[in-house]
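Please load the model in your viewer and keep the sequence panel open beside it. The stops below are meant to be selected one after another.

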Amino acid sequence: MLLLPLLLLGVILPGGDNEDVFQGPTSFHLKQISTFVNSTWAQNQGSGWLDDLKIHGWESDSGTAIFLKPWSKGNFTDEEMTELEDIFRAYFIFFTQEVQDRVNEFQLEYPFVIQVTAGCELHSGEAIESSLRGALGGLDVWRIQNHSCAPAPDSGNGGQNFCALMTQYQGISDILERLLSETCPRYLLGVLDAGKAELQRQGHPTSIGLILVAIIVPSLILLICLALWFWRRWSHRNIL
């Protein structure tokens with residue numbers, strides 16, 4: 001009886017060299033929070049996230065990106081990052097002016113906060129899905145996915161008005177499409193590779209071997225103790 005649990009332990013943990021399974025980040029998203037206090041004052045905040053790890057900030061006064069990690073640029077060149085900064089700087093200016101000019105049309109009342117989240121996510125089979133969505137005061141209003149804009153359920157006229165507005169600015173729509181479908185997936189793969197070492201150190205790898213040890217070994221010890229107890233009783237009865 002003693003051999004059974006020992007053999008079982010040897011089968012489950014033959015060499016103690018079970019590989020760790022690392023579950024790293026799978027998405028990159030830019031988050032925008034725009035606060036409109038009145039018709040003349042607004043503030044835009046921006047940040048970039050790998051899952052829940054913040055790797056970018058945005059300096060609103062100078063209109064420049066803040067790189068919070070040495071590898072935050074991924075495999076993009078300095079020229080490419082400068083071009084993206086120019087795009088986002090122009091976007092924030094345009095966005096602020098456009099919202100302030102259309103407050104009545106969108107039936108907004110000061111003060112209000114608009115949140116925008118844009119990015120892409122890596123799925124199984126290495127397929128990457130991109131999306132962009134906007135919210136007003138924490139409530140979803142619209143979403144761009146699969147090359148089309150759709151109002152969020154229960155968003156009223158706000159979502160419909162925004163999607164109608166997007167059709168009027170084909171140039172902006174084309175830029176958004178390129179950023180979502182081309183730039184973001186390329187950046188996501190590049191930054192995951194550039195930051196791989198740190199991401200693995202900060203992650204929480206799951207060791208299959210340790211899980212098996214934690215669950216099964218106590219049970220095996222109990223079986224061994226029971227086997228010893230029964231064996232001693234059986235031996236003692238035979239002696240008698």
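The tour goes from the whole chain to its confidence, then to one helix and to the salt bridges.

**Before selecting anything**

This is a predicted model, in which local features need pLDDT of at least 70 and side-chain atom pairs count only at pLDDT 80 or more, while totals for chains, interfaces and linings use all residues. Residues are numbered from 1 along each chain as its sequence is written, and side-chain values use heavy atoms, with hydrogens and water left out.

**The whole chain**

Select the chain and show it as a cartoon: there are 6 helices and 10 strands, taken as DSSP runs (H or I of at least four residues for helices, E of at least two for strands) and numbered from the N terminus. Of its 240 residues, 33% count as buried, where buried means under 20% relative accessible area, exposed over 50% and partly exposed in between, with a 1.4 Å probe and protein chains only. Among contacts (heavy atoms within 4.5 Å) between residues at least 6 apart in sequence, 55% join residues at least 24 apart.

**Colour by confidence**

Now colour by pLDDT, the predictor's confidence in each residue from 0 to 100; the mean for the chain is 80, and 73% of the residues reach 70 or more. Among the elements, strand β2 (residues 27-36) has the highest mean, 97, and strand β10 (residues 206-207) the lowest, 33. Over residues 1-22 the pLDDT is below 50, although this stretch has 27 contacts in the model beyond near neighbours in sequence. Residues 204-220 also stay under 50, and for them the model has 20 contacts beyond four places in sequence. Where pLDDT is low, the predicted coordinates should not be read in detail.

**Helix α3**

Select residues 157-168 next, which form helix α3: its 12 residues reach 17 Å from the first C-alpha to the last, close to the 16 Å expected at 1.5 Å a residue, the expected span being 1.5 Å times one less than the number of residues. Show the side chains and ask which residues of α3 are buried. They are Gly 159, Phe 162, Cys 163, Leu 165 and Met 166. These buried residues cover an arc of only 155° around the axis, which puts them on the same side of α3; the arc is that of the directions from the helix axis to the C-beta atoms. The face turned away from that buried side carries the exposed residues Thr 167 and Gln 168. To see what covers the buried residues, add α2 (78-101), β8 (139-145), β9 (148-151) and α4 (170-194), which are among the covering elements.

**Salt bridges**

With a salt bridge taken as a side-chain nitrogen of Lys or Arg within 4 Å of a carboxyl oxygen of Asp or Glu, the count comes to 7. Begin with Lys 69 and Glu 198, whose side chains meet at 2.8 Å, N to O. Lys 69 lies in the loop between β5 (64-67) and α2 and Glu 198 in helix α5 (residues 196-202), so the pair ties together parts that are 129 residues apart in sequence. Glu 198 is buried, with a relative accessible area of 17%.

Move to helix α2, where Asp 86 and Arg 89 are 3 residues apart and separated by about one helical turn; the closest N and O atoms of their salt bridge are 2.7 Å apart. Asp 86 is partly exposed at 39% relative accessible area, and Arg 89 is partly exposed at 28%.

Then select Asp 193 and Lys 196, whose salt bridge spans 3.8 Å, N to O; Asp 193 counts as exposed at 52% relative accessibility, whereas Lys 196 counts as partly exposed at 42%. Finish at Glu 98, Arg 102 and Glu 105, which are linked in a network of salt bridges.
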